Structure formats: structure tokens, C-alpha cells
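Hi everyone, thanks for coming. I have one structure to walk you through today, so let's bring it up on the screen.

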Amino acid sequence: MTDPIADYLTRLRNAIKAGHRVVEVPASNLKKEITRILFEKGYILSYKFVEDGPQGTIKIALKYDPLNKVNAIKCLKRVSTPGLRKYVGYREMPRVLNGLGIAILSTSKGVMTNKEALAQQLGGEVLCYVY
């Protein structure tokens, strides 16, 4: 697999379209941090790290609106790919959906959202957009 983050986002996207409540993805430290951010920002209901085998898995419970059966995540878009990396400074920080969505960045201080990176005046690699 050449792009594990794209695989992670595709598994989430496919589970949302199929209407699944829980999705399992292979774990890595970067995927754990992205999952933590999605939970903190209210895009997923809960998550659990399962240590089975050398790699482990992440079980993610997706968040749905109970009345309309609409998921909290409308769009997951991969920005920086292995073939074309996308880096931004804190002055060129992207705004997702005019501030309603988030961009997840990998910075020198760890993985964080665009708003947290802007507050700390950090730039980094833009991993994905979520709204």
C-alpha cells in the first residue's frame, strides 16, 4: 500500500455511504492522531484501539443524525499525496468551507487542525479536509 492515509479515508467514506455504524481500519500512529482529532471535533461518535497482532486495528463508531439518518461527515478529501506533497506556512493556512470544516495538518509539533496550527503559528503538510 503506497498511501495508508488515503486508504483510511476511503474506508471511512465507503462505510458512510454503505450506512455502517462501525468501521475497522489498520492502526498506525498517524491514523490514531487523525482519529483523535475527528473525535474531538465531533465528526465521529467514539473510537477504540484494539491490539491484535503486530499492527492492531482502530474501531471507529460513526456519528449519525437519528432523525434524518445523515452522517456528521459530509466530505473527506485527501490533499497531500505521496506523489505531490502540499505544504503551507501559517500565513497561507487553508480555510475549509469558509471556516465550517477543518483541515488536518502534520506539523513539527504533531498532528493538529488548521485552527490550532494557526494559533501556534505553525505550518506543515496538509493531510486532508473534513466537513
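Let's start with Leu97, which is partly exposed, at a relative accessible area of 46%. Keep in mind that this is a predicted model. Where does Leu97 lie? You'll find Leu97 in the loop between β5, residues 87-88, and β6, residues 102-107. Partly exposed covers relative accessible areas from 20% to 50%, so the 46% of Leu97 falls in that class. Leu97 also helps to make a nonpolar surface patch, together with Leu100 and Tyr131. The area of that patch is about 310 Å².

Now, over to the sheet. Here 3 strands form an open sheet, and the order across it is β1-β3-β2. The pairing is antiparallel. Which strands are at the edges? They are β1, at 22-26, and β2, at 44-50, and each of them pairs on one side only. From one strand to the next, the twist averages 20°.

As a quick reminder, strands of a sheet pair through backbone hydrogen bonds. In our case, β1 and β3, the latter spanning residues 57-62, are joined by 5 bridges and run antiparallel. If you'd like a spot to click on, try Val22, which stands opposite Ala61 in β3.

Two helices to finish. Helix α1, residues 4-18, packs on the sheet and touches β1 and β3. The direction of α1 makes about 165° with that of β1. Helix α2, residues 29-40, packs on the sheet too, touching β1, β2 and β3. For α2, the angle with the direction of β2 is about 155°.

Thanks for listening, folks!

Key. Residues are numbered from 1 along each chain as its sequence is written. This is a predicted model: local features need pLDDT of at least 70, side-chain atom pairs count only at pLDDT 80 or more; totals for chains, interfaces and linings use all residues. Side-chain values use heavy atoms; hydrogens and water are left out. Two strands pair if DSSP finds at least two bridges between them. Helices (H or I, at least four residues) and strands (E, at least two) are DSSP runs, numbered from the N terminus. Axes are lines fitted to C-alpha atoms, for helices over the stretch in contact, and angles run from 0 to 180 degrees between N-to-C directions. Contact means heavy atoms within 4.5 Å. Patches are made of residues with over 30% relative accessible area and no salt bridge: like charges are joined within 9 Å, nonpolar side chains (Val, Leu, Ile, Met, Phe, Trp, Tyr) within 5 Å. Accessible areas come from the Shrake-Rupley method with a 1.4 Å probe; for residues, only the protein chains shown count as cover. A salt bridge is a side-chain nitrogen of Lys or Arg within 4 Å of a carboxyl oxygen of Asp or Glu. Buried means under 20% relative accessible area, exposed over 50%, partly exposed in between (1.4 Å probe, protein chains only).
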